[in-house]
Amino acid sequence: MAPMAKHFAEPAWWKESVIYQVYPSSFKSTGSGNAPGWGDIKGITSQLDYLKHLGVDIIWSSPIFKSPQVDMGYDISDYYDIDPKYGTLEDVDELIRELKKRDMKLMMDLVVNHSSDQNPWFKESRSSKDNPKRDWYIWQPAKYDEQGNRKPPNNWSMILGEANSAWTWDEKTQEYYLALFTPEQPDLNWRNPDLRAAVHDVMKFWLDRGACGFRMDVINHISKPDGYPDAPITNPGAPYQPGYSMYCNGPHMNEYIRELNDKVLSKYDTVTVGEMPFVKDPKEIIKVVGAEQKELRMIFIFDMVDIDNLPGSFRLTLRDWPTTDIRDIETKYQRLMIEHDGWNSMFIENHDNPRSVSRYTDDSDQYRDLGAKLLCLMQTTLSGTIYVYQGEELGMKNIAPEIPIEEYKDVESINYYKKITSMYPNDPEKANQAKDCLQRKARDHSRTPVQWSAGPNAGFCAEGVEPWMVVNKDYKTVNAEAQRDFQGQDQLSVLQFWKRGLQNRKDNKDVFVYGDYELLDDSTYEVFAYKRKTASRAFVTVLNYSGKEVQWQIPPQAAVEKWVAGNYTASAPEKPVSGTVTLRPWEGLLGK
């Protein structure tokens with residue numbers, strides 16, 4: 001193994017922090033916003049003691065800005081104000097004050113690859129070709145085929161509706177504008193220095209108001225290639241093609257991000273994480289997160305949450321993936337950051353993905369708790385800033401299969417099902433395949449209301465109020481209130497297991513946050529085992545990613561003296577520390 005890079009183990013508050021993602025519409029509704037059954041800012045404030053007790057240091061909230069809500073707030077019409085569904089600017093100020101009382105912080109979601117088409121910037125831009133803000137967005141003339149039919153400027157597909165073009169025709173000015181996600185989310189033109197200055201002003205506004213930093217939405221999409229060339233044809237039967245190889249990590253991306261750092265971020269003590277899908281080249285990653293690059297603290301690397309995608313195809317595709325992928329992916333990025341002076345974000349769940357316990361383990365009643373704890377044990381013992389998504393700490397799982405497709409609210413899900421049923425009308429088999437794909441991978445699964453109690457609406461909103469999104473059917477037994485109580489003499493609930501795991505990580509941060517990483521076994525198919533170490537001490541994590549019993553040969557370099565924790569019991573597991581150890585289905589062990 002290559003040695004540890006010089007800055008990797010330098011202490012920093014943002015490296016050690018536990019960041020908890022709130023998807024505000026589904027977190028907690030107090031009725032203080034103007035939409036009944038919709039989560040609000042006061043709902044976040046009401047649960048700060050719960051989050052503090054869990055071990056959370058930073059709350060990252062998905063967008064709460066004014067928005068028509070075409071894409072659940074990722075279409076922003078006013079970067080300086082709050083959508084009345086969530087409350088008011090004063091409610092945010094109160095949230096920041098209450099966080100500070102608890103030595104906690106607020107991280108905002110910065111969505112500046114695109115805005116809403118209702119944003120005043122875009123309204124001006126589309127008003128005429130000679131408007132001063134015309135060049136704040138990306139406009140291109142039409143192309144025409146041999147028959148004179150109008151065509152979009154290239155073959156890029158829309159990300160949240162891949163049957164459609166990423167370009168939208170504007171009848172008034174007779175040009176196309178680029179809108180990678182939906183027609184209501186036009187892409188901003190970062191080539192324009194006035195636009196970039198406006199983005200800098202937005203960032204300063206929120207940092208001055210008390211935010212500690214930003215999660216930056218699809219920040220690697222901000223630099224598009226000159227000439228907008230066609231994407232490679234990877235889906236021959238589709239009219240439009242995935243264009244990410246064209247617009248991800250574009251020619252000026254690093255320049256623009258360095259400018260953000262130089263003109264804004266470096267003036268404050270901030271935490272930043274960039275959402276950077278489709279990027280797998282280690283050199284490109286280190287260009288952004290390297291300690292001396294002066295760009296971002298860390299990025300979200302998507303290999304784990306793309307694990308079941310068909311390579312080169314759309315997100316809503318399925319493939320059978322080998323269990324060894326988890327071991328290979330995590331080992332790759334643990335070593336990359338240690339050796340090349342970068343920093344990881346540790347996450348496996350967010351608002352754009354299904355529930356992790358359903359995706360990576362077994363969410364049946366028999367194994368759901370064990371699977372959720374197994375995933376917790378992995379995340380709390382690997383290096384990187386840890387991100388917990390709301391409900392992950394409870395082992396919340398995907399929407400029940402019997403819930404009808406009509407309950408799926410996400411624009412991506414709706415467009416996908418519409419595409420399949422339009423392409424294959426009167427074909428129930430194809431429709432069922434589409435339903436199966438959505439049941440396994442839809443973004444809706446992570447957006448069901450948080451299950452606070454066994455009361456009406458899972459305690460998310462008041463009795464008699466209809467939640468905006470269906471509550472999952474298991475809330476009477478799987479909820480925060482129930483999991484606060486000990487399950488038995490030697491049992492921890494998933495919530496209690498997460499609390500213990502996060503505290504153990506902080507108590508042993510020299511090992512789990514800043515320590516070295518060594519893979520212990522690259523041959524046992526079901527087992528992911530690794531050692532985290534400093535010069536003076538070490539921990540060993542062993543994870544059985546299968547629903548069967550596995551006999552695992554403990555390698556000599558593990559040098560386990562005792563097992564200190566596991567996911568089957570609250571007490572230390574009584575198992576051999578050398579020779580062969582029996583791992584039960586979905587069992588995880590922590591040794592010292």
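**Exercise 1.** Which residues is methionine 378 in contact with, leaving aside its neighbours within four places in sequence?

*Solution.* Start with the ground rules. This is a predicted model: local features need pLDDT of at least 70, side-chain atom pairs count only at pLDDT 80 or more, and totals for chains, interfaces and linings use all residues. Residues are numbered from 1 along each chain as its sequence is written, and side-chain values use heavy atoms, without hydrogens and water.

Next, apply the contact rule (heavy atoms within 4.5 Å). Methionine 378 then has Met304, Ile326, Glu330, Ile348, Phe528, Tyr530, Leu543 and Tyr545 as partners.

**Exercise 2.** Describe the interface of domain 2 and domain 3.

*Solution.* Step one: locate the parts. The domain assignment, automatic or from a database, puts domain 2 at 120-178 and domain 3 at 405-441. Their centres, taken over C-alpha atoms, lie 28 Å apart.

Step two: count. Five residues of domain 2 contact five residues of domain 3.

Step three: take the area. Buried area is the accessible area (1.4 Å probe) that two parts lose on being put together, summed over both. Here the value is about 400 Å², with 60% from carbon and sulfur atoms. On the domain 2 side, Leu160, Glu162 and Ala163 lose the most, together 85% of what that side buries.

**Exercise 3.** Find the salt bridge across this interface.

*Solution.* The criterion is a side-chain nitrogen of Lys or Arg within 4 Å of a carboxyl oxygen of Asp or Glu. The rule finds one between domain 2 and domain 3. Now check the pair of lysine 419 and glutamate 162: their closest N and O atoms are 2.9 Å apart, and they form a salt bridge.
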